[in-house]
Amino acid sequence: MTQAVPSPLFDPFAPGFTDDPYPQYAALRAEAPVYQHPLGFWLLTRYDDVSWLLRAGLSVEDRNVADGPFLQLRDQMYGDQIPRPDKLSMLDRDPPDHTRLRRLVSKAFTPRAIEALRPRITGLVDGMLDAAEGQGRVDLVDALAFPLPFAVIAEMLGTPPPDHDRIRQLTGTVVRSLEPVADPGLVAAIAAADTELTAIAADMIAWKRAHPADDLLTALITAEDDGDALSDDELIAQTLLLYIAGHETTVNLIAGGTLALLRNPGQLALLRDDPTLAAAAVEELLRYDSPVQASRRITLEPVTIRGTVIPAGAFVMASLASANRDELFWGADAAEVRLSRDNARHHVSFGAGPHHCLGASLARLEAAMAFARLVARFPGLALDGDVVWNGRINLRGPAHLPVSVS
């Protein structure tokens with residue numbers, strides 16, 4: 001008689017996981033906060049451990065992963081279809097490359113530069129809410145959560161008007177490469193989407209070389225750091241990173257945050273009655289349901305966490321979502337939305353350390369404007385149908401959020 005193999009404590013392919021992963025995270029925190037998955041990677045779920053890992057200066061370059069079950073499975077699944085195997089975006093590079101690339105891009109994300117965008121973001125939000133008002137019932141993802149950050153990052157880059165729907169489809173597929181993949185069909189789709197996006201980015205850059213302007217993409221094309229300009233492949237990689245990171249994560253923040261408010265009407269009423277709570281609301285909603293659920297690091301030497309030795313060359317996932325609900329750090333109400341939480345800004349939703357999200361200030365501004373003006377404009381805002389989640393393990397959020405607006 002064959003003995004059944006027990007399910008791993010972390011099973012992102014379990015039915016219902018992408019709708020609500022938090023019960024699994026709670027079990028991991030309680031039973032195995034430093035967890036080695038049977039597939040060979042490690043998972044940290046406690047706040048203190050996640051915070052340490054993000055700041056520890058470990059590697060993010062896949063070439064440092066030691067041979068073992070994890071690498072063998074990845075090679076088996078992807079073969080020669082690994083998207084951008086050279087991984088030239090700053091998200092995937094260690095110093096000194098990361099330092100150089102981030103410095104070139106960061107000039108567009110200074111506090112002064114982001115604050116200068118406030119009037120434009122306000123105008124975009126109001127225009128989208130004007131359009132929604134006449135309909136009575138809208139999908140908030142299509143009406144606001146997606147078009148707002150997409151429009152902002154496209155304008156910042158100064159790209160020609162793209163096919164929004166096509167790029168939305170392609171980026172939604174490519175970001176699945178940031179999570180465990182066990183479907184050969186999805187692997188092929190990721191590879192094809194990455195190839196198409198690379199071609200789109202190359203066309204954008206060629207167009208911008210012929211039409212330079214006062215925008216981020218022109219700045220990247222002409223940028224030099226100690227005489228070292230971006231190579232063509234690096235330029236494509238940073239452009240795609242900015243496009244994808246500039247909207248995919250904020251879509252989840254606006255849609256997921258609005259859903260959390262709608263499911264907690266008392267907190268929604270607090271924000272409606274006091275719009276100055278918008279900034280605090282953003283921090284608490286980022287904590288409550290992280291738009292990016294996990295970040296990864298690779299150990300360069302053995303590290304010991306809670307008495308467990310993680311060997312060199314290990315692929316370690318830091319569960320941002322779990323850390324943000326760790327009762328040992330946040331208290332007994334960690335799984336509840338509370339806009340008055342005074343330490344909410346200590347969440348790890350934007351990461352930490354050298355790879356702290358460069359666009360954090362922009363995401364905060366977009367979300368604060370969206371939440372404040374949405375709840376003020378529509379006092380009768382309510383769910384009006386079933387929420388459909390996007391099915392992603394990492395960049396998780398609502399794909400459809402039907403609401404009545406009145």
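**A walk through the model, from Leu186 to the cavity**

Apart from neighbours within four places in sequence, Leu186 is in contact with Arg176 and Val181. The model in which these contacts are found is a predicted one. Leu186 belongs to helix H10, and its relative accessibility is 17%. Buried means under 20% relative accessible area, so Leu186 counts as buried. Pro402 is 216 residues from Leu186 in sequence, and the two C-alpha atoms are 27 Å apart.

Helix H10, residues 184-210, also takes part in the lining of the largest cavity, to which it supplies at least two residues. Helix H9 (164-174) and helix H12 (232-262) each supply at least two residues of that lining as well. A search of the whole structure for cavities of 30 Å³ or more finds one. The space in the largest cavity is about 40 Å³. Its lining consists of Ile167, Thr171, Leu197, Ile200, Met204, Leu240, Tyr243 and Ile244. By residue type, seven of the lining residues are nonpolar, one is polar and none is charged.

Helix H6 can be checked for its length. It covers residues 118-133, which makes 16 residues. At 1.5 Å a residue the helix should span 22 Å, and because its end C-alpha atoms are 22 Å apart, the expected span and the model agree. The buried residues of H6 are Ile121, Thr122, Leu124, Val125, Met128, Leu129 and Ala132. Seen down the helix axis, these buried residues fall within an arc of 165°, so they line one face of H6. The spacing along the sequence can be read with the helix repeat in mind: an α-helix has 3.6 residues a turn, so residues three or four places apart point the same way. The elements that cover the buried residues of H6 include strand E3 (137-139), helix H7 (140-145), helix H8 (147-157) and helix H17 (360-377).

Helix H4, residues 97-106, can be read in a similar manner. Its buried residues include His98, Arg100, Leu101, Leu104 and Val105. These residues cover an arc of only 165° around the axis, which puts them on the same side of H4. In the loop between helix H3 (69-78) and H4 lies Pro96. Pro95 and Pro96 are joined by a cis peptide bond, with omega about 5°. This geometry is worth noting because most peptide bonds are trans.

A backbone feature of another kind is found at Arg306. This residue is not a glycine, yet its phi is positive, about 55°. For comparison, most residues other than glycine have a negative phi. Arg306 sits in the loop between strand E7 (303-305) and strand E8 (308-310). Its relative accessibility is 47%, so Arg306 counts as partly exposed. Leu39 is another loop residue, placed between strand E1 (34-36) and strand E2 (42-44). At 33% relative accessibility, Leu39 counts as partly exposed. Leu39 and Leu286 are 247 residues apart along the chain, and 30 Å separates their C-alpha atoms.

Leu286 appears again among the contacts of Asn324. Asn324 is a residue of the loop between helix H15 (320-323) and helix H16 (327-330). Is this loop residue buried or exposed? Its relative accessibility is 0%, so Asn324 counts as buried. Leaving out residues up to four places away in sequence, Asn324 touches Leu286, Arg287, Ser290, Trp330, His347, Val348 and Ser349. His347 is also touched by Arg364, a residue of helix H17. With the same kind of neighbours left out, the other contacts of Arg364 are Val282, Glu283, Arg345 and Phe350. Although an arginine, Arg364 counts as buried, because its relative accessibility is 16%.

The last stop is Val403, which lies in strand E13 (residues 402-404). With 0% relative accessibility, Val403 counts as buried. What does Val403 touch, residues up to four places away in sequence not counted? Its contacts are Gly136, Arg137, Val138, Leu140, Leu262, Leu381, Ala382, Leu383 and Asp384. Leu91 is 312 residues from Val403 in sequence, and in space the two are 35 Å apart, C-alpha to C-alpha.

Key:
Residues numbered from 1 in each chain as written. Predicted model: local features only at pLDDT ≥ 70, side-chain atom pairs only at ≥ 80, totals over all residues. Heavy atoms only, no water. 1 Å grid on protein atoms, 1.4 Å probe; cavity = no way out; pocket = protein on both sides within 12 Å on 5 of 7 lines; lining within 4 Å. Points joined across faces, edges and corners; volume = space filled by probe spheres on them. Helix = DSSP H or I, 4+ residues; strand = E, 2+ residues; numbered from the N terminus. Nonpolar A, V, L, I, M, F, W, Y, C, P; charged D, E, K, R; others polar. Expected span 1.5 Å × (residues − 1). Buried < 20%, exposed > 50% of the residue type's maximum accessible area, 1.4 Å probe, protein only. Arc of directions from axis to C-beta. Contact = heavy atoms within 4.5 Å.
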